[in-house]
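Dear colleague,

I am passing on the structure we spoke about, together with some notes on what was found in it. Please look through the model first and then read on below.

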Amino acid sequence: RILNFGLKNATQINNLILSRSMSTASKNVGFIGLGNMGGPMAGHLMAKGHKLHVFDISADAKDALKKKGATPYDNVSDLAKASDFVITMLPNNDIVADTYKTITDGGVNSNTVFIDSSTIDPDVAKSVQKLVKSKGATFVDAPVSGGVPGAQNATLTFMVGGTQDEYDRVKDILSGMGKRITHCGMYGMGQAAKICNNMMLGISMIGLSETMNLAIRLGLDPKVFSDILNSSTGRCWASEINNPVPGILPNAPAASDYNGGFQTGLITKDLGIASAVATKSNTPIALGALTHQIYRTLMAHGLSTKDFSVVYDFIKNKQN
């Protein structure tokens with residue numbers, strides 16, 4: 001009996017180890033979109049042992065991953081056919097929709113799981129899911145939060161929209177790029193969470209910029225006040241990670257003339273989506289709408305490629 005008990009336990013342990021090893025085994029992962037976020041994310045998946053198949057309109061971006069061992073592709077259709085999972089990290093609604101149309105027009109493998117980590121309208125995510133499902137494959141929306149630092153450090157938060165089973169299937173892959181993987185509900189709910197989060201992000205960055213500007217004009221040392229802010233009730237992600245005042249955080253975009261980071265053009269796009277879905281849902285967003293207008297003004301002044309913290313630089317010389 002003791003021997004049988006030991007053998008039974010050994011079998012259970014072996015099955016558990018096998019199950020875990022299968023869930024974390026090397027996969028063929030396609031990655032489309034290798035920009036400030038996508039490039040580091042793809043790199044982390046390679047570090048986890050996955051075989052990367054990559055595409056970007058930038059030859060330099062593809063070459064950078066090729067040097068690390070990834071296989072570059074000239075078209076997204078062939079990439080998808082070679083992949084167990086395909087992750088897309090793209091700039092806007094139209095590019096996401098066009099990319100998935102191109103992929104599905106070429107036919108897809110029924111066992112391929114598509115994960116869109118772009119930030120797009122929830123209705124577009126639902127439309128793409130229906131398209132992919134009609135071709136026999138699986139799609140979830142899984143936008144991210146954490147910015148470029150989160151992508152570089154594999155500490156992103158993923159907000160997943162799909163069934164529970166689909167969430168379970170993608171969780172291990174996403175864990176290679178982030179530290180928190182949250183199931184938000186059915187299709188489009190990941191995008192809904194992301195849009196709401198980014199509206200808050202835009203509002204808080206403008207609030208922080210105005211606050212820092214006021215503190216400096218009142219004679220406070222910006223570093224001293226930043227320390228006070230981050231140990232007080234005004235603390236936020238922007239104040240801790242992406243303070244917009246040059247000279248406070250050495251790795252923030254403000255330290256390099258607002259280059260890199262999360263582009264003003266992208267936060268403006270996200271705020272536009274927030275305004276659109278707020279209109280559709282009859283939801284008042286007074287601060288969100290004002291924030292959108294301020295960032296549209298920055299766009300008109302040619303600041304679309306600068307990090308969104310450049311709003312501080314824009315307002316610091318404004319008079320009441």
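The protein chain exposes about 15900 Å², and carbon and sulfur atoms supply 55% of that area. Please keep in mind throughout that this is a predicted model, and that the values below were computed from it. Of the 320 residues in the protein chain, 45% count as buried.

As for the overall form, the C-alpha trace of the protein chain spans about 80 × 55 × 45 Å along its principal axes. The radius of gyration of the protein chain is 22 Å, which agrees with the value near 20 Å that a compact globule of 320 residues would have. The protein chain holds 14 helices and 9 strands, and among its contacts with a separation of 6 or more, 64% are made by residues 24 or more positions apart.

I also looked at the second largest pocket, which contains about 260 Å³ of space. Its lining is made up of 11 residues, and those that lie nearest the centre of the pocket are Glu210, Asn213, Ile315, Lys318 and Gln319. Two or more lining residues are given by helix H9 (189-217) and by helix H14 (311-315), and H9 provides the largest share of the lining, with 4 residues. In terms of character, the lining of the second largest pocket divides into 5 nonpolar, 3 polar and 3 charged residues.

Two residues in loops deserve a separate note, since each of them is a residue other than glycine with a positive phi. Tyrosine 258 has a phi near 65 degrees, and its place is in the loop between helix H11 (237-241) and helix H12 (264-280). Asparagine 282, with a phi near 55 degrees, lies in the loop between H12 and helix H13 (286-300).

Which of these two is buried and which is exposed? Tyrosine 258 has a relative accessible area of 3%, and because buried means under 20%, this residue counts as buried. Asparagine 282, by contrast, has a relative accessibility of 71%, and since the cut-off for exposed is over 50%, asparagine 282 counts as exposed.

If you open the model beside this message, you could begin with the pocket lining at H9 and then turn to the loops that hold tyrosine 258 and asparagine 282.

With best wishes

Conventions: Residues are numbered from 1 along each chain as its sequence is written. This is a predicted model: local features need pLDDT of at least 70, side-chain atom pairs count only at pLDDT 80 or more; totals for chains, interfaces and linings use all residues. Side-chain values use heavy atoms; hydrogens and water are left out. On a 1 Å grid over the protein atoms alone, a cavity is a set of points where a 1.4 Å probe fits but cannot get out, and a pocket is an open set with protein on both sides within 12 Å along at least five of seven lines; lining residues have an atom within 4 Å of a point. Grid points are joined across faces, edges and corners, and a volume is the space filled by probe spheres set on the points. Ala, Val, Leu, Ile, Met, Phe, Trp, Tyr, Cys and Pro count as nonpolar, Asp, Glu, Lys and Arg as charged, and the others, Gly among them, as polar. The radius of gyration is taken over C-alpha atoms; the globule rule is 2.2 Å times the number of residues to the power 0.38. Buried means under 20% relative accessible area, exposed over 50%, partly exposed in between (1.4 Å probe, protein chains only). Contact means heavy atoms within 4.5 Å. Accessible areas come from the Shrake-Rupley method with a 1.4 Å probe; for residues, only the protein chains shown count as cover.
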